[in-house]
Amino acid sequence: MFVVMAKTASEAEILGVKSQILAEGLTPYDHVGAERVVIAVVGEIGGRKPVLVDRLGALAGVETVTPISRPFKLTSREFRPEDTVIRVLDAVIGDGSLTMMAGPCSVESRDQLFETADVVKDAGATVLRGGAFKPRTSPYAFQGLGVEALRYLAEARDRTGLPIITEVMEPSQVDIVAEYADILQIGTRNMQNYSLLRDVGRVARPVMLKRGYGATIEEWLMAAEYIISSGNPNVILCERGIRTFETYTRNTMDLSAVPLLHHLTHLPVIVDPSHATGKRWLVKPLAIGGVAVGADGVMVEVHPTPDQALSDAEQQLTLDQFRDLMADIVPVHEHVRGLHGDPVEAGAAASVGAGGGLAKH
Ligand code: PEP
Ligand code: MN
């Protein structure tokens with residue numbers, strides 16, 4: 001449930017509510033909005049709900065107590081009506097600007113990374129990606145250069161000024177990856193690795209949480225809830241395709257997830273058409289599609305010689321293809337940014353205090 005404090009509530013009144021929640025054996029999380037403070041009450045509430053609503057509602061400074069039936073709380077629009085905006089070096093994610101994350105699937109050498117980094121930066125990328133620890137379906141496939149790749153990524157950041165994002169696969173890697181990377185990525189196979197989610201929730205780095213390839217939106221938001229409730233509010237969601245019966249594409253990119261998430265959550269949403277389609281020539285139309293339905297950004301794999309890549313050779317864009325994508329996606333984003341959401345949807349969302357449709361931009 002959420003305790004909505006009155007606009008005039010004092011610090012002492014807010015503290016009073018929080019200590020009452022703690023005394024009930026529950027945990028308070030507060031969000032200080034532009035106008036008022038909202039306190040989420042998290043924990044096993046069970047049959048105590050009506051009693052708690054009355055008890056908390058009677059405290060000084062409380063305007064309303066809203067019981068919430070949805071299982072996700074801290075990720076929800078009800079808790080935080082404003083969009084979460086994440087700033088990392090010069091990149092701003094979730095403020096209506098277009099985030100373009102680009103780089104190789106795997107860091108293969110310093111030269112390969114630097115050549116890619118220089119071109120994507122020049123073409124307008126805002127974040128540099130590159131896999132150091134690679135989750136491969138086969139244990140015999142290239143597993144990534146590990147810490148050596150992290151060092152090259154850090155050098156590439158110094159060279160280009162772009163923040164870097166790279167995947168962390170297990171709890172034991174969290175500290176070392178956080179030492180080098182600006183944004184930690186949780187891959188699709190780890191979306192429900194709860195000890196990993198808790199651990200990245202304890203570091204001072206934004207986390208991009210990819211959707212599990214068999215996960216529902218609710219399971220995905222619950223996974224984000226693990227990170228935020230562990231102390232890290234800077235979570236980015238990434239739709240990277242889900243597994244369906246279709247075999248022409250590697251996965252099926254769920255475009256409806258983008259406006260749906262903007263309706264349900266304040267977190268920024270990125271699309272990854274590289275892993276969603278698995279095919280180079282499908283990446284551009286799906287990247288543009290993602291931006292057209294309101295994504296905050298796109299992650300794409302780019303390689304100087306994709307056919308020789310040590311991983312995901314079929315889906316990585318050439319350097320020229322990335323330049324071409326940038327030229328076409330920027331005007332689409334500019335156009336979409338000027339649109340307003342569907343009034344019906346926006347009206348429905350207004351009842352929970354949030355914008356709907358494409359109203360984010
Ligand atoms: C990746 O982005 O490098 C990756 C492995 O993606 P996913 O976890 O979506 O398969
Ligand atoms: Mn890849």
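**Exercise 1. The manganese site**

Identify the protein donors of the manganese ion (ligand 2) in this predicted model, and establish how they are placed along the chain.

*Solution.*
Step 1. The manganese ion (ligand 2) has as protein donors Cys105 through SG, His275 through NE2, Glu301 through OE and Asp312 through OD. These donors lie 2.0 to 2.4 Å from the ion.
Step 2. Along the chain, the donors follow the spacing C-x169-H-x25-E-x10-D.
Step 3. Distant parts of the chain are linked by the pair histidine 275 and aspartate 312: histidine 275 belongs to helix 9, whereas aspartate 312 lies in the loop between strand 14 (297–301) and helix 11, 37 residues apart.
Step 4. Histidine 275 and aspartate 312 are both buried.

**Exercise 2. The surroundings of aspartate 272**

Determine where aspartate 272 is found, whether it is buried or exposed, and which residues it contacts beyond its neighbours in sequence.

*Solution.*
Step 1. Aspartate 272 occupies the loop between strand 13 (269–271) and helix 9 (273–277).
Step 2. Its relative accessible area is 0%. Buried means under 20%, so aspartate 272 is classed as buried.
Step 3. With neighbours within four places in sequence set aside, the contacts of aspartate 272 are Lys210, Cys238, Glu239, Arg240, Met253 and Met299.
Step 4. One of these contacts, Lys210, is itself buried and belongs to strand 11 (residues 207–210).

**Exercise 3. The barrel and strand 11**

Describe the order of the strands in the barrel, then work out how strand 11 is paired and covered.

*Solution.*
Step 1. The barrel is closed by eight strands in the order 7-8-9-10-11-12-13-14, with parallel pairing. From one strand to the next, the twist averages 25°.
Step 2. Strand 11 pairs with strand 10 (residues 183–186) in the parallel sense over three bridges. In this pairing, glutamine 185 stands opposite methionine 208.
Step 3. Strand 11 also pairs in the parallel sense with strand 12 (residues 235–239), here over four bridges. Valine 207 stands opposite valine 235, and leucine 209 faces leucine 237.
Step 4. In a regular strand, side chains alternate between the two faces of the sheet. In strand 11, Val207 and Leu209 are on one side and Met208 and Lys210 on the other; all four are buried, and both faces are thus covered.

**Exercise 4. The connections on either side of strand 11**

Find which helices connect strand 11 to strand 10 and to strand 12, and state the handedness of each unit.

*Solution.*
Step 1. A right-handed β-α-β unit is made by strand 10, helix 6 (residues 194–200) and strand 11.
Step 2. From strand 11 the chain passes through helix 7 (residues 217–229) to strand 12, again in a right-handed β-α-β crossover.
Step 3. Helix 7 packs on the sheet and touches strand 11 and strand 12; its direction makes about 155° with that of strand 12.
Step 4. The loop between helix 7 and strand 12 contains glycine 231. This glycine is exposed, its relative accessible area being 57%. Its C-alpha atom is separated by 9.1 Å from that of valine 200, although the two residues are 31 residues apart along the chain.

**Exercise 5. Helix 3 and helix 8**

Check the span of helix 3, and establish which residues are buried in helix 3 and in helix 8.

*Solution.*
Step 1. Helix 3 (residues 110–123) has 14 residues. At 1.5 Å a residue it should span 20 Å, and its end C-alpha atoms are 20 Å apart, which agrees.
Step 2. Its buried residues are Gln112, Leu113, Phe114, Thr116, Ala117, Val119 and Val120. Their cover includes strand 7 (99–103), strand 8 (127–129), helix 4 (147–160) and helix 11 (319–337).
Step 3. Glycine 124, just after helix 3, takes a positive phi of about 115°.
Step 4. In helix 8 (residues 257–264), six of the eight residues are buried, so this helix is largely enclosed by the rest of the structure. The buried residues are Ala257, Val258, Leu261, His262, His263 and Leu264.

**Exercise 6. The open sheet**

Give the strand order of the open sheet and identify its edge strands.

*Solution.*
Step 1. Four strands form this open sheet in the order 2-3-1-4, with antiparallel pairing.
Step 2. Strand 2 (27–32) and strand 4 (62–66) are the edge strands, each pairing on one side only.
Step 3. On average, neighbouring strands of this sheet are turned by 20° against each other, direction ignored.
Step 4. Strand 2 and strand 3 (residues 37–42) run antiparallel and are joined by six bridges; tyrosine 29 stands opposite alanine 40.
Step 5. Helix 2 (residues 49–57) packs on the sheet, where it touches strand 1 (2–5), strand 3 and strand 4. The direction of helix 2 makes about 170° with that of strand 4.

Technical notes. Residues numbered from 1 in each chain as written. Chains lettered and ligands numbered in written order. Predicted model: local features only at pLDDT ≥ 70, side-chain atom pairs only at ≥ 80, totals over all residues. Heavy atoms only, no water. Helix = DSSP H or I, 4+ residues; strand = E, 2+ residues; numbered from the N terminus. Buried < 20%, exposed > 50% of the residue type's maximum accessible area, 1.4 Å probe, protein only. Contact = heavy atoms within 4.5 Å. Pairing = 2+ DSSP bridges. Right-handed = clockwise from strand over helix to strand, strands pointing away. Expected span 1.5 Å × (residues − 1). Donors = N, O, S within 2.8 Å, 3.2 Å for Na, K, Ca; no water. Axes fitted to C-alpha atoms, helices over the stretch in contact; angles between N-to-C directions.
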